[in-house]
Amino acid sequence: MTVDAPSRPAQAERQARVAVAVLFFTNGALFANLLPRYPQIKADLDMSNAVYGLAVAAFPAGAIAAGLAAGAAIRRLGSARAAVLGTLLTGAGILAAGLADSVALFAGALFLAGAMDSVTDVAQNAHGLRVQRRYGRSIINSFHAIWSIGAVAGGSMAAAAIALGLSRGQHLTISAVVFAIAACVALRFCLTGPESEPAAVPDDDSRAERRSEGPAATGRRTVYVLAALVLIATAGTLVEDAGSSWATLYLSGSLHASVTLAAFGYISLVGAQFVGRIIGDRLVDRFGQRAVARAGGLITAVGMGVALAVPTVPGTILGFAAAGFGVATLVPAAMHEADELPGLKPGSGLAIVSWLMRLGFLASPPIVGLITDATSLRAGLLVVPLAGLLAFLLAGVLKPRHR
């Protein structure tokens with residue numbers, strides 16, 4: 001950690017932690033409220049599969065287009081205000097997408113929602129890391145676990161709205177208003193003051209290293225570390241995408257599992273990832289980011305590697321669970337490290353890693369698809385153990401155990 005904090009956080013820090021948790025929950029729930037409405041929107045707008053695919057791609061396209069602006073928004077507004085403003089505009093974009101009466105309006109609204117979601121994502125992580133520095137111990141993984149809870153809650157909320165016969169307008173208006181109120185209330189309890197926290201006094205090894213490096217060497221090292229962090233974060237998102245996009249297809253198609261059983265590939269990955277994030281902060285505090293990431297990368301590589309080498313339905317489900325657990329802390333770790341890189345403006349390192357990570361996430365499905373078309377889906381899923389191996393090899397840029 002970068003500051004020494006008392007063992008018991010003050011009330012302001014505890015309130016800020018709850019406030020950031022609310023922002024993460026809200027962010028997970030907002031978009032999840034729209035996803036179950038996609039089939040109805042596709043039918044109402046009479047979209048072909050190709051047009052539908054291009055339209056929904058507007059959300060990640062908006063995120064990529066606006067991702068680098070998040071750092072500037074944080075510096076201008078502060079991380080808490082930027083996160084809340086992004087939340088309000090994301091909710092508005094999702095509501096507009098639900099009410100759109102043309103494909104162009106639907107795609108445009110998703111583009112806006114994706115752009116604002118990317119700002120919210122970076123800003124809420126930046127504020128969560130501010131709170132973490134005040135705590136003096138790792139708490140960032142718990143925020144990402146709460147995001148997952150929010151996504152489940154949002155999807156459940158949408159399912160209930162559909163079951164009750166609420167129109168898209170009624171349902172998404174309720175969602176936007178409820179989560180806007182939650183975000184605005186949370187803002188009252190977020191931290192105030194400048195984004196940058198006082199840095200800790202470096203240890204003897206760090207001081208000696210900095211004396212031996214000139215500004216040019218320090219700049220090159222920052223670029224190298226930033227590139228490694230992007231690859232670590234991308235490894236984590238690539239495994240997530242493999243679970244969401246390909247797990248069910250692999251289990252039901254290649255391994256001939258029933259539709260119900262095939263769904264457990266993704267369920268096991270997400271469930272194990274949630275468990276990994278819940279206990280991740282304790283592991284990081286005890287062993288350090290570096291050791292946890294290395295162990296996670298190894299668990300991912302070995303677990304999914306064995307599952308692909310000896311393909312069975314139970315083994316594959318366990319393999320996806322191992323992968324989800326292994327990558328649970330990778331994205332939070334990369335964001336934490338990027339936020340503390342020397343020589344960068346507040347929010348810049350976090351914004352760059354988040355932006356490039358999204359580019360990697362967008363590219364991963366076509367890559368797996370091309371490998372699958374050329375060989376088999378089993379070969380395409382080799383990207384999962386390879387991602388674990390990549391994280392294992394690059395984890396050296398993360399912080400060791402705090403002494």
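## A walk through the salt bridges, helix H19 and two odd loops

Start by selecting Arg-133, Glu-337, Asp-339, Glu-340 and Lys-399: salt bridges link these residues into a network. Keep in mind that you are looking at a predicted model. Colour it by pLDDT if you like; the chain mean is 87, and 92% of the residues reach 70 or more.

**Stop 1: inside the network.** Zoom in on Asp-339 and Arg-133, whose side chains form a salt bridge at 3.1 Å, N to O. Asp-339 sits in helix H16 (residues 330-339) and Arg-133 in helix H7, so this pair ties together parts that are 206 residues apart in sequence. Are these two buried or exposed? Asp-339 counts as buried at 19% relative accessibility, just under the 20% cut-off, and Arg-133 is buried too, at 8%.

Now shift to Glu-340 and Lys-399, another salt bridge, this one at 3.2 Å, N to O. Glu-340 is in the loop between H16 and H17, while Lys-399 is in the segment after helix H19 (383-394), so the pair joins parts 59 residues apart in sequence. Glu-340 is buried, with 18% relative accessibility, whereas Lys-399 comes out as partly exposed at 26%.

**Stop 2: Arg-358 and Asp-121.** The whole structure holds nine salt bridges, so there are others to visit. One of them pairs the side chains of Arg-358 and Asp-121, 3.4 Å from N to O. Show helix H17 (residues 348-374) for Arg-358 and helix H7 (residues 103-135) for Asp-121; the pair ties together parts that are 237 residues apart in sequence. Both ends are covered: Arg-358 is buried at 18% relative accessible area, and Asp-121 is buried at 13%.

**Stop 3: helix H19.** Next, select 383-394, which is H19. Put a distance between its end C-alpha atoms and you should get 16 Å; at 1.5 Å a residue, its 12 residues should span 16 Å, so the two agree. Which residues of H19 are buried? Pick Val-383, Val-384, Pro-385, Ala-387, Gly-388, Ala-391 and Leu-394.

For a contrast, turn on the surface and select Leu-298, Val-302, Val-306, Val-310, Leu-382, Leu-386, Leu-389, Phe-392 and Leu-393, which make a nonpolar surface patch of about 820 Å². Helix H14 (289-309) and H19 are the elements that each give two or more residues to this patch. Which one gives the largest share? That is H19, with four residues. On the H14 side, Val-306 is one to click on.

**Stop 4: two loops with a positive phi.** Go to Asp-46, in the loop between helix H2 (38-44) and helix H3 (49-56). Check its backbone: phi is positive, about 55 degrees, although Asp-46 is not a glycine. Asp-46 is also exposed, at 68% relative accessibility.

Then jump to His-256, in the loop between helix H11 (215-254) and helix H12 (259-262). His-256 has a positive phi as well, about 60 degrees, and is not a glycine either. Its relative accessible area is 67%, so His-256 counts as exposed.

**Last stop: the low-confidence stretches.** Select residues 1-6, where pLDDT stays under 50 and the model has 23 contacts beyond four places in sequence. Finish at residues 198-211: pLDDT stays under 50 here too, and the model has 10 such contacts for this stretch.

Note on methods. Residues are numbered from 1 along each chain as its sequence is written. This is a predicted model: local features need pLDDT of at least 70, side-chain atom pairs count only at pLDDT 80 or more; totals for chains, interfaces and linings use all residues. Side-chain values use heavy atoms; hydrogens and water are left out. A salt bridge is a side-chain nitrogen of Lys or Arg within 4 Å of a carboxyl oxygen of Asp or Glu. Buried means under 20% relative accessible area, exposed over 50%, partly exposed in between (1.4 Å probe, protein chains only). The expected span of a helix is 1.5 Å times one less than its number of residues. Patches are made of residues with over 30% relative accessible area and no salt bridge: like charges are joined within 9 Å, nonpolar side chains (Val, Leu, Ile, Met, Phe, Trp, Tyr) within 5 Å. Accessible areas come from the Shrake-Rupley method with a 1.4 Å probe; for residues, only the protein chains shown count as cover. pLDDT is the predictor's confidence in each residue, from 0 to 100. Contact means heavy atoms within 4.5 Å.
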